[in-house]
Each structure stands twice: as structure tokens, then as C-alpha cells.
Amino acid sequence: MDAMIGREVILAGIGVAAGVLGALVGIGGGIIVVPCLVLLFGVSIRVAVATSLIAVVATSTAAGSVYVGSGTANMRLGMTLEVATTLGGITGGLIAAWIAPTVLAGVFGVMMGITAALMFRGREGHAVASSSEVGARAGWEDSVHLGGGYVDERGALVAYRAERVPIGLAISLLAGVLSGMLGVGGGFLKVPAMVLGMRVPFKVAAATSNFMIGVTAASSLFVYFARGDVHPAIAAPIAVGISLGALLGTMLAHRMAPAALRRILAIILLLVGMQMVLKSFGVELGR
Amino acid sequence: LAARLSSDPSLRDRAIVQGALRAGLFASFALLVAGMVVASFEHASAGPVSLAALFGRVPLGSRLMGFGILVLGLTPVVRVMLLVLLWVREHDYRHAAIAGVVLVILIASVVLGHPA
């Protein structure tokens, strides 16, 4: 029994770390959960992926509940991009058999490296809303321009609108195709699609991504659950840890400067990109 | 606050969706923790569980944790359903239709994603 409790504490700790990171930059935490489970616990890849999907839904629900309430997540923007990503994901799953995964992983890895550089160098260029601006208040959503208002780390109200929506949709579609073909998560692709493609403030992009990733993950989760790949004794402590970690992460994210958060995501993109390039040369690290 | 919420559809929507997310989170959290406590007193170490097996013979600890995961997995479905209803009520038919498409894709992928 002691050994079991020891294992549960480690799993919950992994969950807390994944939850904090996930809530900070708008990802689900699967990139931490899957390698940890496979490398540290020798869990089969299917159980690890099922656990990772549970982790993504937990991050999305915990962080989403805070970001929806604070007005940082833009629900209309999230749902609009969700259509493109899920359609892309289905397309990717269907055409995966036609293209060599090694070639794809290499191209994808290089693309992620470029995205990381753009994320690292970029800066936020958004005006603080004047009090006279029509409709600009925290939590407001502009249903025509997919814009809104949120309160930044200095307590200032920032008004924004999504620019170049077709570009953002195209990047989301492409991200969906690639994630469907390679079986990688979507969060770390959705945030750059919004920030670089649509010039949405980083915090809004991360919060919106957190809100929507749970929807994508839930559909896959039920498939794994029906197949019997959900291991409750492994998933439960991770989900409990990740819920607490994600709530903690939202508090940290509220205080941190967007530039710091962008850099954290850039580093994650770079690491996953390198993993993809290695994969294209036949080196498999976890997943 | 109530008057402000009722006059502002954006803020009212947010309060409703946040309430649904919190309810799902707390319910699943309670089930997961209860299941972990029960499982620590059970002798047999349970392995992976399927959705169908949750309603059959599995140890109580695994069953509680499994239902916690089920509740957690259902919250994204509920959140999209809520958005469809809320946006229809607001006459924002464009986004209600978009959320409707997401809901259809979500349900279709669950139904069509048969075990390999």
C-alpha cells in the first residue's frame, strides 16, 4: 500500500507540473504526461495517450473555468477555430496513410522551429482601451470581429480584435491536419495560430486555447475509454494534480508579462520540433 | 451584480459556462479523490477499465475513479451544448451554428470512432 501511495504522489506531482505549464501557455500538458508515463512508469503508449487526453480535458476544464470567468478566454474565437482544427484533424487522419510519416515529421519539426523563433522575437502591440471605446469591458465579446476586452497583468483593460481571420483559420486547419497525421496535441499549435496569424494578445490566445483543447481531447478520450485503455489508478492522481496545477497556473499567468509566457511557449515548440526532427531520422523519444 | 448580469449577455453567458465547468470539475474531483481513497484499502490492484465495464463488475475504487473520468470527459460536451443554446437565445445565429457544427463533429467522432 505504501508503494502505491508513493506512486500516486509522483503521478499527482507530474500532474501539478503539467497543469501549471498548461494553464500558463494554453497547452494541455500531454507533452509532459506521455513521456513521463512511458519512460518513468513503463506504461503502454495507448494507456499513456488515454491518460494524456484525460489530462488535457482536466487542464481545459480547470483553467477554462477561471479564464471564462475572468473574461480572458474568447469563446466565439475558440469555437470558430475549433471547426477548422477538427475538420483538419479528420482530414489528417484520413490522408495519413498516403504520406511517409518520417518526411512529414521532419517538415513539421522545421516548421515548429521557425514558429518558435517568431514567438520568441515577437512582441505584443495592443493599445490599452480608452474608457470611451464602445463596448470595451472585461469579458465582452465582439461577435462580428471576434474581438473583445480583457484585463492585463497591470490591471489595464485591453481591447483587441482578431485580424486576418482567414489566415488564422488556414493555420488552424493545417495544424489540425498535421496533428491528425502525427498524433500530436493541438494546444501548442493553436496558440501561435492566434498570436502570429490573427494578432490576438498572447494571454487571450492561451486562455482561448485552454478553453477549446478539452473539446478536441474529449472526442478522442471516449474512443480510448470505450476500447478499455483508461487506467483509473494512473489517471486519477494525474487528473487531481493537474486540476490543482492548472488553477495555480491561472494565478501565475495573470501576474506574468506576456513576453515571458511567449518565451516559455517558444522553448516548448523548439523542444517538440527537435523531437519531430529526431523522429524523422528514426529516433523515437517517448512519443 | 444580478442586474448587471441580466443586462449584459456576454457576462451572463460567461457566468453560466463558468458554473457548468466548475460543477463538472468539482464533481469529478470528488469522485476521483473518493475512488483513490477507496482503492488504497482494496487488495486487488485493478488495471485498465473500459466504459462498458464501469457499469459491470469492477472494484468500487476503480468504479468511482472511472465515473470521475466520465464526468470530466462530459464537461466539454456540455460546454459546447450550452454555447449553442446561449447564442441562439442571444440571436447570434452565426456562432450558434458554428458551435452546432463543433457539437456534431464531437458526437460523430465518438460514435464513428469505433474501437480498433
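The following paragraphs describe the two chains of this predicted model and the interface between them.

Chain A makes a good starting point. Its secondary structure consists of ten helices and three strands. Along the sequence these elements are arranged as α-α-α-α-α-β-β-β-α-α-α-α-α, with the strands following one another in the middle of the series. Chain A has 287 residues, and 56% of them are buried. Of the contacts in chain A between residues at least 6 positions apart in sequence, 79% link residues at least 24 apart. The accessible surface of chain A amounts to about 10,800 Å², and carbon and sulfur atoms account for 69% of that area.

Chain B is built from four helices and has zero strands, so its elements read simply as α-α-α-α from the N terminus. Among the 116 residues of chain B, 43% are buried. When contacts with a separation of 6 or more are considered in chain B, residues 24 or more positions apart contribute 50%. About 5,900 Å² of chain B is exposed, with 74% of this surface coming from carbon and sulfur atoms.

With both chains introduced, attention can turn to where they meet. The contact involves 60 residues of chain A and 52 residues of chain B. Together the two chains bury about 4,700 Å², and 74% of this buried area lies on carbon and sulfur atoms. Three residues deserve a mention on the chain A side: A:R76, A:F222 and A:F225 provide 15% of the area that chain A buries against chain B, more than any other three residues.

Polar interactions also cross the interface. Three salt bridges are found between chain A and chain B. One of them pairs A:R76 with B:D92, whose closest N and O atoms lie 2.6 Å apart. A:R76 thus appears twice in this account, in the salt bridge with B:D92 and among the three residues just named for buried area. Polar contacts between the chains, counted with both residues at pLDDT 80 or more, number twelve residue pairs.

Four helices of chain A each give two or more residues to the side that touches chain B, namely α3 (45–70), α4 (75–95), α8 (202–227) and α9 (232–255). The greatest contribution comes from α3(A), with 13 residues. By residue class, this side of chain A comprises 36 nonpolar, 17 polar and seven charged residues.

Terms used:
Residues numbered from 1 in each chain as written. Chains lettered and ligands numbered in written order. Predicted model: local features only at pLDDT ≥ 70, side-chain atom pairs only at ≥ 80, totals over all residues. Heavy atoms only, no water. Buried < 20%, exposed > 50% of the residue type's maximum accessible area, 1.4 Å probe, protein only. Contact = heavy atoms within 4.5 Å. Areas by Shrake-Rupley, 256 points an atom, 1.4 Å probe, with all protein chains shown as cover. Buried area = accessible area lost by both parts, 1.4 Å probe. Salt bridge = Lys/Arg side-chain N within 4 Å of Asp/Glu carboxyl O. Polar contact = N/O pair within 3.5 Å; in protein donor to acceptor, adjacent residues only side chain to side chain. Nonpolar A, V, L, I, M, F, W, Y, C, P; charged D, E, K, R; others polar.
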